[in-house]
Every structure is written in structure tokens, then in C-alpha cells.
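Colleague: I should like to learn how to read the features of a structure that is new to me. Could you guide me through them one at a time?

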Amino acid sequence: MYAIIGGTGVYQLNVSIQNLNIETEYGDVDLDFIEFDNGEKVYFLSRHGKDHSKPPHNVNYRANIMALSLLGVKYIYATAAVGSMNKKFIPGDIVLVNDFIDFTKSRVMTYYEGETGVKHVDMSDPYCSNLSNLFLKRAEESKVDIKGTAIYLTTEGPRFETKAEINMYKNFADVVGMTSVPEVVLAKELGMCYATIGIITNWCTGFKSEITLHDIESSMNMNKEKLTELFIDIFSNENLNQNNCKCNDSIIKL
Ligand code: HPA
């Protein structure tokens, strides 16, 4: 089964939607099950809740990913709003996230609390390279412009960064957001293939202009519909399997 996290925007298409509430040991999760005209079925999970009420530091990441896993999801495309600290990427651009740096401070990041022994998850390919490459291929065929690959630095939020912070971060990463960690880590712990497409919504603090809500919303709206269509296209037409990646075999036991 397939899921899209963070994305909406297909609701105007001819689809049947079922609202689900899935209970997990970490809390319950609202999501949508969508069946398209072509028979394709996808779960949609709105990361911040349907009413966008959960700030990034309070998203129940463990419940979200566990709910998808309980539903049998193996493949996830996530979209993420990010600020740019790399002059190559301007607001409105789409990038493929290929690695992360974690500057969060107070999040639970694992399902492995020690009850089943000490386990570590391999992070040498955090974003599934197979799903990522399929995305690049389909995007090119569909003439959707992907500006490049980007390292995503995750901050705790909900505040934006200071100029001094961005001055430091820009040496290590291309974009900043508040949600990719721990989502990507938890998906890997549960053996799922997970890829993230970043939508550049603004210049980071100290770059060019002030951050405004309008910047963020208009870039998201411009892009989320076309990205959702690409994801569905991949889910419908590619024969996805886990033979070309190690996502299902990333736990290292001590
Ligand atoms: N910083 C952190 N998170 C973000 C930003 C930003 O500039 N833009 C969108 N999410």
C-alpha cells in the first residue's frame, strides 16, 4: 500500500474518499483513504492534522508512521515546506531531499526503547534512493522541473531561525524545515521506503527578504497539486518493490 504525507490537492479530482481514524499505541490518527477512477488506492495523511492545528514540535510522528504501517503501507512520498539557504534554490522551486542534519531538541525519535534489546537504524540512505530516483524520472517525463538534490536541516521550531543560526547552517545544508526528522527515521525503523520532496517556500532568515506567511502558502499551493499527481502516477504505473533498496533491512542489533 502507498501513502502521501503532507499533501492534499487531489480532492477536486474524481475520487472516492473515506475518512479513517486509526488507533495506535502512541495515539490515534486521522487520515483519508482515497480511491481514484483508475482503481489506485492511496492513504493521505496531513502531517499537521486536517485543520493544521499541530505545530511541528507537537506532531505525533510515532503515531502517524505507525498508523500507516498498521494499514500495510510500504511506500511513502512526503512533501515538506522548506526555507532555502542555498542561492541555487529560490521560493517556488521543488527539490529532492537526499540527506538530513538533525538540530531538533526534544523529540522522541524511535520505536526502539530497549524492550526488545538495543537496536540502531542505518542512516546511510535515509531517503529511499529507489523511490527518489523514480520520482526524478517521472518528473522529467512530465516536464516538472526539479531544481536539484538538497540536504535538509531540521530545526525544532516552531520559531524560525536567527540570522546567526542560518549563517552557520548554510555551511552544512541547503534547506531548513521543522518536520523531516523524526518522520524519515521512524519510517526506516518500520522498514518502509520513504522519500521527501521539498517545496521552497521562502528564503531563510537574513537572506534577501523577510519571511512572510504569504510566501509560504503561495509556493505550497502552486506545487502540491502537481506533486500529488506525480506521486499517484508513480504508484499507479511503477512496479514498486523493495529489492532495489535496503529500507526493509536497516536495523542493526547489538
Ligand atoms: N525555517 C524552518 N522551517 C521552515 C522554513 C524556514 O525558513 N520555511 C518553511 N519551513
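Modeller: Let us begin with the ligand: one of its nitrogen atoms lies 3.3 Å from a polar backbone atom of Gly-83. This is a polar contact, that is, a pair of N or O atoms within 3.5 Å; within protein, one must be able to donate a hydrogen and the other to accept it, and residues adjacent in sequence count only if both atoms are side-chain atoms. Please note that the model is predicted, with local features needing pLDDT of at least 70 and side-chain atom pairs counting only at pLDDT 80 or more, while totals for chains, interfaces and linings use all residues. Residues are numbered from 1 along each chain as its sequence is written, and side-chain values use heavy atoms, with hydrogens and water left out.

Colleague: Which residues come nearest to the ligand?

Modeller: A residue is near a molecule or strand if one of its heavy atoms lies within 4 Å of it. Twelve residues surround the ligand here, and Ala-81, Gly-83, Phe-160, Glu-161 and Asn-202 come nearest. A polar backbone atom of Ala-81 is 3.4 Å from a ligand nitrogen. For Asn-202, an N or O atom of the side chain lies 2.7 Å from a nitrogen atom of the ligand.

Colleague: How is empty space found, and what lines the second largest pocket?

Modeller: Rolling a probe the size of a water molecule over the atoms shows where empty space is left. On a 1 Å grid over the protein atoms alone, a pocket is an open set of points with protein on both sides within 12 Å along at least five of seven lines, and lining residues have an atom within 4 Å of a point. The second largest pocket has 14 lining residues, and Asp-28, Val-29, Asp-30, Gly-49 and Lys-54 lie nearest its centre. Strand S3 (residues 27-36) gives the largest share of that lining, three residues; strands (E, at least two residues) and helices (H or I, at least four) are DSSP runs, numbered from the N terminus.

Colleague: How many salt bridges does the structure hold?

Modeller: A salt bridge is a side-chain nitrogen of Lys or Arg within 4 Å of a carboxyl oxygen of Asp or Glu. The structure holds eleven. Glu-35 and Lys-41 form one of them, their closest N and O atoms being 3.8 Å apart. Another joins Lys-147 to Asp-93 at 3.1 Å, N to O. This pair links distant parts of the chain, 54 residues apart: Lys-147 is in the loop between helix H2 (129-141) and strand S8 (149-155), and Asp-93 in the loop between strand S5 (75-84) and strand S6 (94-103). There is also a network of salt bridges that links Lys-137, Arg-138, Glu-141, Asp-233 and Glu-238.

Colleague: Is Asp-93 buried or exposed?

Modeller: Buried means under 20% relative accessible area, exposed over 50%, and partly exposed in between (1.4 Å probe, protein chains only). Asp-93 has a relative accessible area of 7% and therefore counts as buried. Its partner Lys-147, at 39%, is partly exposed. In the salt bridge between Glu-156 and Arg-107 (3.3 Å, N to O), both residues are buried.

Colleague: Where does Thr-196 lie, and what does its side chain contact?

Modeller: Thr-196 lies in strand S10 (residues 193-203). Its relative accessible area is 1%, so Thr-196 is buried. The side chain of Thr-196 makes a polar contact with that of Tyr-194, at 3.3 Å.

Terms used. 1 Å grid on protein atoms, 1.4 Å probe; cavity = no way out; pocket = protein on both sides within 12 Å on 5 of 7 lines; lining within 4 Å.
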